[in-house]
Amino acid sequence: MTAHLQTRLLQLALRAALAAALLLLSSAMVVADPSDTLKDPSAFASIANKTERSRTIFQEIGKVVMHPRCMNCHPAGDHPLQGDDQHDHMPPVWRGETGHLATNCAGCHTEQNVTLHEGASYKSIPGNPRWDIAPVSMSWQNKSLGDICRQLKDVNRNGGRDLALLQEHVAKDELVAHGWDPGEGRDPAPGSQQAAGQLAQAWIDSGAECPP
């Protein structure tokens with residue numbers, strides 16, 4: 001083996017080692033998008049002002065409330081929304097005189113998520129026996145986070161839930177859980193239902209204050 005060939009092979013080996021090292025470094029530097037996660041309540045413990053801490057915690061909860069997975073079922077109008085772009089539900093459905101959907105949701109939304117075949121325009125259809133649209137009193141679309149917060153606290157609009165029942169609704173309701181299990185082809189809400197429930201409790205414990 002000539003000296004030139006030995007030098008060339010050494011250069012190639014060094015380049016391969018450098019490329020592998022850079023790949024490992026880039027993998028180690030990958031950081032989760034903050035919008036895809038929810039902070040633990042302990043992250044807000046350093047905020048001495050209780051009112052400010054409570055408002056800041058609800059802003060973290062707002063990552064879920066304002067996400068399309070939740071907002072799509074709390075529209076301002078009579079039609080639920082679909083997709084991250086929040087377009088009107090297709091096929092067209094609408095509220096009846098009772099405020100609930102006049103269309104039979106179970107015709108498409110069965111008791112569980114269903115993954116569709118390759119040729120379908122949607123990858124899946126989410127499902128739950130209680131599938132429905134939120135009542136008009138709980139419409140969130142086009143409202144500020146502060147207005148939604150005050151709406152959630154209002155027992156005259158939230159289905160008669162006090163703060164304890166509101167926390168239970170966030171933390172345990174199986175229909176709310178679909179925000180984190182929306183079916184194939186949809187981005188889930190940030191964090192997890194457990195994390196959202198913990199934040200809701202921390203918000204209540206700090207006074208259940210709303211952002212301005």
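Cysteine 149 and cysteine 210 are joined by a disulfide, with 2.0 Å from S to S. The model is predicted. This is the one disulfide that the structure holds. The torsion about the S-S bond is -75 degrees, which makes the link left-handed. Its two ends sit in distant parts of the chain. Cysteine 149 belongs to helix α4, residues 145-153. Cysteine 210 lies in the segment after α6, and 61 residues separate the two. A disulfide is a covalent bond between the sulfur atoms of two cysteines. Both ends of this one are out of reach of solvent by the accessibility criterion. Cysteine 149 has a relative accessible area of 0%, so it is buried. Cysteine 210 has 8%, under the 20% limit, and is therefore buried too.

Other cysteines stay unpaired. Cysteine 73 is in no disulfide. The nearest cysteine sulfur belongs to cysteine 70 and is 8.0 Å away. At 25% relative accessibility, cysteine 73 is partly exposed. What keeps cysteine 105 from bonding to cysteine 108? The sulfur of cysteine 105 is 8.9 Å from that of cysteine 108, its closest cysteine sulfur, and this is too far for a bond. A disulfide needs the sulfur atoms within 2.5 Å, so the distance rules the bond out. Cysteine 105 counts as buried, at 15% relative accessibility.

Now take the chain as a whole. It contains six helices and four strands. Along the sequence the order is α-α-α-β-β-β-β-α-α-α. Of the 212 residues in the chain, 33% are buried. Consider next the contacts between residues at least 6 apart in sequence. Of these, 56% join residues at least 24 apart.

Helix α4, home of cysteine 149, also meets α2. The axes of α2 and α4 come within 11 Å of each other. They cross at roughly 90 degrees. That angle falls between 65 and 115 degrees, so α2 is roughly perpendicular to α4. Which residues make the contact? From α2 come Phe58, Gln59, Gly62 and Val65. From α4 come Leu145, Ile148, Cys149 and Leu152. Cys149 thus has two roles here: it takes part in the contact with α2, and it is one end of the disulfide.

Helix α6 comes before the segment that holds cysteine 210. It has 13 residues. From its first C-alpha to its last it reaches 18 Å, close to the 18 Å expected at 1.5 Å a residue. Its buried residues are Gln193, Ala195, Ala196, Gly197, Leu199, Ala200, Ala202, Trp203 and Ile204. What do they pack against? The buried residues of α6 pack against α2, α4 and α5. So α2 and α4 contact each other and are also partners of α6. After α6 comes glycine 207, with a positive phi near 115 degrees.

Charged pairs add further links. Side chains of opposite charge can pair when their charged atoms come close. The count comes to seven salt bridges. One of them joins the side chains of arginine 69 and aspartate 84, at 3.0 Å from N to O. Arginine 69 is in helix α3 and aspartate 84 is in the loop between β1 and β2, so the bridge ties together parts 15 residues apart in sequence. Arginine 69 is buried, at 12% relative accessibility. Aspartate 84 is partly exposed, at 46%.

Another salt bridge pairs arginine 95 with aspartate 78, with the closest N and O atoms 3.5 Å apart. Arginine 95 sits in the loop between β2 and β3, and aspartate 78 in the loop between α3 and β1. They are 17 residues apart. Is arginine 95 buried or exposed? Arginine 95 is buried, at 8% relative accessibility. Aspartate 78 is partly exposed, at 41%.

Arginine 130 bridges to glutamate 174, with 2.9 Å between the closest N and O atoms. Arginine 130 is in the loop between β4 and α4. Glutamate 174 is in the loop between α5 and α6, 44 residues apart from its partner. Shared partners extend this pair: Arg130, Asp173 and Glu174 form one network of salt bridges. Arginine 130 is partly exposed, with a relative accessible area of 38%. Glutamate 174 is partly exposed as well, at 42%.

Conventions:
Residues numbered from 1 in each chain as written. Predicted model: local features only at pLDDT ≥ 70, side-chain atom pairs only at ≥ 80, totals over all residues. Heavy atoms only, no water. Buried < 20%, exposed > 50% of the residue type's maximum accessible area, 1.4 Å probe, protein only. Expected span 1.5 Å × (residues − 1). Contact = heavy atoms within 4.5 Å. Salt bridge = Lys/Arg side-chain N within 4 Å of Asp/Glu carboxyl O. Axes fitted to C-alpha atoms, helices over the stretch in contact; angles between N-to-C directions. Parallel < 35°, antiparallel > 145°, perpendicular 65-115°, else oblique.
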